[in-house]
Amino acid sequence: MSTLRRLAERIGALNVNGLVLHNLGLRDLPEERRNAVLYALTLMLGYPTSTDQRTGRVAWDVKARPASDSDGRFVTFSERVGSADMHTDSSFYPMPEEQFILYVVNAAQCDGGHSILIDADDVYAALQRTPEGAAAFELLRTTPVPFRVPAVYAAGDDNLEIHVAPVFGPPVRAGDRFTMRWRYDAIKKGLAARPDMGSPALEDAVEIMHRVAEREATRFMEQLPTDTLMLADNHRMLHGRTTYTDERRHLIRIRMSEVPNAQRIGPSGVVRD
């Protein structure tokens, strides 16, 4: 425990929006013990949350599920192979967690599945390069957009859940311009479900932001090997992955809030495991 505490203290002292730690030393631990160590580490960094309304799980398996399990529902990036567009976690909930970790149980063996991080400052810089981008930023800062909750996180498969919020919210830390919540597919599906909230200008702004996030903004990209831990600030970093086909790729994700769970709003306010 003292080793974990020292690690948590060093991570906190770095004061960075994202970091990657190789060779964490958990590779040979049984699953239950490995997850307990990860959970203990996140307890020292914040308040681990559960964002699965049905099971209450805190440690979420990021790995491909059998295609038969989806039944055509709105699945999330963590349930399938392929790429994951740049996004922030819990963007479709009232209080997205401030941090998350990803631990690599099994790296993809197909030369794919590279993890990607983009800092908020690089998103802003890319948007400000053109008048259209600057206008898109301003519109997404002042106009709430509908985010549809993926079915796996909704209260039930048949539930259509929408959360409305601006993409660029007010800053909460000195020196920041804004906080971010972004998930392109959730916004597109939200606008499809709530066409009354859309407009040509808003739809153009969403497409400009999507282009910046996927192609134009400066980014970190690395295929994280097995036994690697990545930590990111969920309000100031976008994350995603390149495409992959190896269904054995397996990561563990735990999200952490700076607010005690009893004070949180929404389904991520309850931890049951």
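At the start of helix α3, a side-chain oxygen of aspartate 119 comes within 2.9 Å of the backbone nitrogen of aspartate 121. This contact, like every value below, comes from a predicted model. Helix α3 spans residues 120-127. Its buried residues are Ala120, Val123, Ala126 and Leu127. They lie on the same side of α3, because they cover an arc of only 125° around the axis. The packing partners of these buried residues are spread over several elements. Among them are two helices, α4 (131-142) and α6 (200-216). Strands also take part: β6, β9 (168-169), β10 (179-180) and β13.

Leucine 127 illustrates this packing. The residue belongs to α3. Its relative accessibility is 1%, so leucine 127 counts as buried, the cut-off being under 20%. Not counting residues up to four places away in sequence, leucine 127 touches Gly133, Ala134, Phe137, Phe168, Ile208, Met209 and Val212. A further spatial relation links leucine 127 to alanine 213. The two residues are 86 apart in sequence, yet their C-alpha atoms are 9.5 Å apart.

Strand β13, one of the elements packed against the buried residues of α3, covers residues 237-241. Five of its five residues are buried, so the strand is largely enclosed by the rest of the structure. In a regular strand, side chains point alternately to the two faces of the sheet. Both faces of β13 are covered. One side carries Met237, His239 and Arg241, and the other carries Leu238 and Gly240; all are buried.

Strand β13 pairs with two strands described here. Strand β6 (residues 115-119) runs antiparallel to β13, and five bridges join them. Within this pairing, isoleucine 118 stands opposite leucine 238. Strand β4 (residues 84-87) also pairs with β13 in the antiparallel sense, over two bridges. Here alanine 84 has arginine 241 as its bridge partner in β13. Leucine 238 and arginine 241 thus appear twice in this account: each is a bridge partner, and each is buried, on opposite sides of the strand.

Arginine 264 provides a second local case. The residue is found in the segment after β14 (250-257). Its relative accessibility is 8%, so arginine 264 counts as buried under the 20% cut-off. The side chain of arginine 264 reaches the backbone oxygen of methionine 95 at 2.4 Å. The C-alpha atoms of arginine 264 and proline 96 are separated by 9.7 Å, although these residues are 168 apart along the chain.

Internal voids were examined next. Three cavities of 30 Å³ or more were counted. The second largest holds about 50 Å³ of space. Its lining includes Val104, Ala107, Ala108, Gly112 and Gly113. Ser115, Gln223, Leu224, Arg249 and Leu251 also line this cavity. Ser115 falls within the residue range of β6, and Leu251 within that of β14.

At the level of the whole chain, the model has six helices and 14 strands. The chain contains 273 residues, and 50% of them count as buried. Contacts between residues at least 6 apart in sequence were also sorted by separation. Of these, 81% join residues at least 24 apart. The contact of leucine 127 with Ile208 and that of arginine 264 with methionine 95 are individual examples of pairs drawn from separate parts of the sequence.

Technical notes:
Residues are numbered from 1 along each chain as its sequence is written. This is a predicted model: local features need pLDDT of at least 70, side-chain atom pairs count only at pLDDT 80 or more; totals for chains, interfaces and linings use all residues. Side-chain values use heavy atoms; hydrogens and water are left out. Helices (H or I, at least four residues) and strands (E, at least two) are DSSP runs, numbered from the N terminus. Buried means under 20% relative accessible area, exposed over 50%, partly exposed in between (1.4 Å probe, protein chains only). A polar contact is a pair of N or O atoms within 3.5 Å; within protein, one must be able to donate a hydrogen and the other to accept it, and residues adjacent in sequence count only if both atoms are side-chain atoms. Two strands pair if DSSP finds at least two bridges between them. The arc is that of the directions from the helix axis to the C-beta atoms. Contact means heavy atoms within 4.5 Å. On a 1 Å grid over the protein atoms alone, a cavity is a set of points where a 1.4 Å probe fits but cannot get out, and a pocket is an open set with protein on both sides within 12 Å along at least five of seven lines; lining residues have an atom within 4 Å of a point. Grid points are joined across faces, edges and corners, and a volume is the space filled by probe spheres set on the points.
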